[in-house]
Amino acid sequence: MNSVPLSNYTVFTEDLRRDLEAANIPLSKVQFFNDKPITIRREVSDPNDIKVNPEGQITMSNGKSIQTINVLPFTPGVSLSSDPASIHVSWDDTQQDTKGMKFNLSGQHYFIDVLSNNKFQYKTWVFDLQSGNGTRLFVKKDLLKQVKNSRETLKGRKVGE
């Protein structure tokens with residue numbers, strides 16, 4: 001686990017998202033972080049190992065290679081897109097990621113989107129999620145200072161008053 005002081009971060013909630021939207025701060029300007037390590041893995045066939053015989057049968061030689069992607073805890077990420085119930089965040093520093101990893105709103109928090117059988121959709125491929133189930137989005141606490149929050153509780157109003 002990363003030695004990141006958790007006291008500097010807070011969970012990104014739906015209430016915080018609404019406050020940011022009310023302050024006209026787009027999600028693309030928010031620095032996101034993941035609270036758990038994420039590891040995804042898939043088997044990749046080497047196209048040079050695939051042969052087609054005269055009968056049209058496909059054969060593979062040498063087997064497969066493995067692609068593994070790791071995102072350490074509290075790695076900075078950016079929102080690439082969002083809708084009312086999800087945010088797509090990219091941690092890819094090569095700028096090759098155009099979709100991001102999907103986080104879905106559940107209750108007040110945004111959790112990593114895991115498919116059935118612990119599968120995970122990333123870019124155009126389906127990976128096995130090795131670790132990271134339950135990962136939530138976090139932000140730095142100093143983001144809260146950018147949002148002016150005014151709340152009050154109304155006591156109610158009776159007829160004739």
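## The K119–D128 pair

K119 is partly exposed, with a relative accessible area of 31%. Its salt-bridge partner is D128, and the closest N and O atoms lie 2.4 Å apart. D128 is also partly exposed, at a relative accessible area of 25%. That value is not under 20%, so D128 does not count as buried.

A network appears elsewhere in this predicted model. Salt bridges with shared partners join E14, D15 and R18 into one network.

## E14 and R18 in helix α1

Within that network, E14 forms a salt bridge with R18. Their closest N and O atoms are 4.0 Å apart. Both residues belong to helix α1, which covers residues 14–22. They are four residues apart, about one turn of the helix.

The two ends of this bridge have their own burial classes. E14 has 13% relative accessibility, so E14 counts as buried. R18 has 44% and therefore counts as partly exposed.

## R17 and E21 in helix α1

R17 and E21 also sit in helix α1. Again the spacing is four residues, about one turn of the helix. They form a salt bridge, with the closest N and O atoms 3.2 Å apart.

Here the arginine is the buried partner: R17 has 4% relative accessibility. E21 is partly exposed, with a relative accessible area of 45%. This value falls between the 20% and 50% cut-offs, so E21 is neither buried nor exposed.

## Overall count

How many salt bridges does the model hold? The count comes to six. Among them are E14 with R18, E21 with R17 and D128 with K119.

Methods: Residues numbered from 1 in each chain as written. Predicted model: local features only at pLDDT ≥ 70, side-chain atom pairs only at ≥ 80, totals over all residues. Heavy atoms only, no water. Salt bridge = Lys/Arg side-chain N within 4 Å of Asp/Glu carboxyl O. Helix = DSSP H or I, 4+ residues; strand = E, 2+ residues; numbered from the N terminus. Buried < 20%, exposed > 50% of the residue type's maximum accessible area, 1.4 Å probe, protein only.
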